[in-house]
Amino acid sequence: MPLLIPLIAAVLQIFGMRHVPIQRWLGGIAVIANVGVAVWIVISVRMEGIQTLAMGGWAAPYGIVFVADMFAALLVLTTSILGAVCLFYAFASIGEEREKHHFYPFFQFLLVGVYGSFLTGDLFNLFVCFEVMLVSSYALIVLGGTKRQLQVTLKYILINIVSSSLFVASMAYLYAAVGTLNMAHLSQRVSEAGQDGILGVIAFLFLIVFGLKAGLFLFFWLPGSYAAPPSVITAIFAGLLTKVGLYAIIRTFTLIFYHDTGFLYTLIGWMGIASMVLGVIGAVAYRDVNKILVYNIVAGVGLIAFGLATANSAGIEGAIFYMLHDMIVKALLFLLAGIMIAALGTTELKHMSGLIKRYPFTGWMFFITGLALAGVPPLSGFVGKLLIVQGGMERGWYTMTIISLLASLLMLYSVMRIFMLAFWGKDRPLIDDRAAFQDSPEVKREVYHEWSPFRPRRLIGASSVLFAFVILIGLGAGWIETFVAQATDVLIDPTLYIQAVLKE
């Protein structure tokens with residue numbers, strides 16, 4: 001159902017391409033329905049254990065199977081919430097031109113790819129879902145046709161074509177070595193053959209492939225690509241696309257290639273630390289709101305990877321908890337930044353100030369979300385970050401753990417700098433003050449024309465839903481931790497997944 005609902009909605013929206021209100025209604029119904037479906041899946045997994053669906057009645061490992069353990073179910077639920085909020089935000093911000101040129105069908109197809117990636121139990125099907133997601137993202141990133149979008153789209157497509165080609169080659173090597181692509185069956189075969197020699201090389205290739213897609217160390221393509229499209233598109237990219245790559249790394253290296261916790265896991269740990277350090281350096285160095293937040297995406301990816309690399313229960317539990325938090329917080333920061341950019345018509349901090357008087361609720365939402373990003377208690381990021389630190393200490397990685405804490409402080413500094421410079425200081429002409437705005441030499445005209453008529457109340461209303469989740473996750477961390485612990489159990493003990501899929 002999580003795949004089927006947005007797929008049907010997208011097809012119907014294509015047939016109704018000349019009727020934007022119909023596309024909106026179809027999209028709204030689809031995302032709300034999927035939130036309900038996702039809640040039902042989480043409850044089912046909680047009460048009955050791992051859920052499986054053999055497509056066409058062909059049992060694993062011969063047919064394609066969909067698998068919902070608690071890790072996948074929580075990601076599907078978070079994706080559903082993000083998708084719903086971002087779609088309603090888009091209603092008020094994306095603009096009529098983009099709506100007429102298939103924004104809504106591409107948005108739904110993107111969700112199909114994300115849901116499929118989280119739920120599939122087959123490695124080749126994971127590749128297919130990746131491509132559905134990526135093809136949709138190609139369209140969304142270029143939709144609008146501004147010069148900057150066209151420039152970055154070429155690089156974005158090229159990098160993903162290369163990584164997808166390497167993905168196919170890696171699968172071919174793996175299939176040649178063990179004769180299957182079903183994930184549960186792969187786990188058994190790799191365990192029998194041992195992860196030495198050629199399988200160790202194949203595992204490294206998969207790390208490169210998924211690292212490229214997640215922006216883990218190999219993130220050179222990400223800052224320009226994510227800073228180009230409108231804020232709502234960047235928000236959905238920040239919340240979902242890199243997390244699909246991270247999910248693939250976590251699933252692959254806890255289910256299939258989990259035997260070598262020495263070299264490969266240490267490599268993942270150092271890649272995570274490098275991503276954190278380089279990410280916060282970029283966030284501190286830039287004076288552009290979008291660029292600062294994009295580099296914080298890189299730092300967050302690094303922290304989650306570091307949690308996985310600890311290879312213990314605390315670290316992996318922290319990685320899952322922080323990943324759920326990071327999906328919501330990163331998307332929310334970009335939605336709030338979108339309001340700021342729409343109000344002042346620029347992304348450059350040197351041309352932003354005085355917003356706190358006109359949009360106080362937006363300002364304080366941004367402030368509290370920045371604290372959550374850094375893991376300040378009792379907000380949503382605290383528990384996940386604490387568990388990752390605990391996992392790092394248990395692994396004996398004291399230096400790396402201290403570096404991760406220092407990186408978190410710099411993440412906080414970079415976001416607080418946006419808050420101080422954009423919301424405080426002298427008043428500036430806003431976009432709704434047309435006469436003063438048009439005469440201002442400081443305005444980036446390209447950003448101004450990216451927006452439909454500015455509707456701040458609707459944008460703030462959509463953003464406040466995610467903000468409520470930031471607060472609720474922090475306050476309800478103990479209750480949510482029971483779900484995360486159930487997800488961790490499956491990642492720590494792959495036999496639970498194998499038995500559920502292969503019915504052994």
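Where does Lys-243 lie? Lys-243 has its place in helix 11, the helix formed by residues 231–255. Before I go on, note that this is a predicted model.

Let me stay with that lysine for a moment. Is Lys-243 buried or exposed? The relative accessible area of Lys-243 is 0%, and the cut-off for buried is under 20%, so this lysine counts as buried. What sits around Lys-243? If we set aside the neighbours within four places in sequence, Lys-243 is in contact with Phe-118, Ala-238, Ile-304, Met-323, Asp-326 and Met-327. Ala-238 comes up a second time: a polar atom of the Lys-243 side chain lies 3.1 Å from the backbone oxygen of Ala-238.

Next, the annotation. UniProt, in an unreviewed entry, lists residues 121–410 as "domain: NADH:quinone oxidoreductase/Mrp antiporter transmembrane". In the model, that span is 81% helix and 0% strand. The C-alpha atoms at the two ends of residues 121–410 are 38 Å apart.

Now two cysteines. Cys-86 is in helix 3, which covers residues 70–91. With a relative accessibility of 0%, Cys-86 counts as buried. Not counting residues up to four places away in sequence, Cys-86 touches Phe-107, Val-232, Ala-235, Ile-236 and Leu-335. Take Phe-107 from that list: Cys-86 and Phe-107 are 21 residues apart along the chain, and their C-alpha atoms are separated by 9.8 Å. The other cysteine, Cys-129, is also buried, at a relative accessible area of 7%. How many disulfides does the structure hold? The number is zero.

Back to helices, with a glutamine. Gln-108 lies in helix 5, residues 103–119. Gln-108 is buried, and its relative accessible area is 1%. Leaving out residues up to four places away in sequence, the residues that Gln-108 touches include Pro-6, Gln-13, Gly-27 and Leu-87. Three alanines, Ala-9, Ala-10 and Ala-30, are touched by Gln-108 as well, and so is Val-31.

The last topic is aromatic rings. A pair of aromatic rings is described by two things, the distance between the centres and the angle between the planes. How many aromatic pairs does the structure hold? There are 31. One of them is Trp-364 with Phe-367: the ring centres are 5.6 Å apart and the planes meet at 85°, so this pair is edge-to-face. Trp-364 and Phe-367 are three residues apart in helix 16, residues 360–374, and therefore about one helical turn separates them. Trp-364 is partly exposed at 39% relative accessible area, and Phe-367 is partly exposed at 25%.

Trp-479 and Phe-483 form another edge-to-face pair, with 5.1 Å from centre to centre and 75° between the planes. Both residues lie in helix 22, residues 477–492, four residues apart, which is about one turn of the helix. Is Trp-479 buried or exposed? Trp-479 is exposed, at 61% relative accessibility. Phe-483, on the other hand, is buried, with a relative accessible area of 12%. Phe-483 also has a charged residue over its face: Arg-46, at 4.8 Å from the ring centre.

Finally, a cluster. Phe-124, Phe-127, Phe-130, Phe-167, Phe-206, Phe-210, Phe-253 and Phe-257 form one aromatic cluster.

To return to the start: Lys-243, in helix 11, is buried at 0%. That is all from me.

How values were computed. Residues numbered from 1 in each chain as written. Predicted model: local features only at pLDDT ≥ 70, side-chain atom pairs only at ≥ 80, totals over all residues. Heavy atoms only, no water. Buried < 20%, exposed > 50% of the residue type's maximum accessible area, 1.4 Å probe, protein only. Polar contact = N/O pair within 3.5 Å; in protein donor to acceptor, adjacent residues only side chain to side chain. Contact = heavy atoms within 4.5 Å. UniProt positions renumbered as here; feature names shortened; annotations may be inferred. Disulfide = S-S within 2.5 Å. Phe/Tyr/Trp six-rings, centres within 6.5 Å; stacked < 30°, edge-to-face > 60°. Lys NZ or Arg CZ within 6 Å of the ring centre and 35° of its normal.
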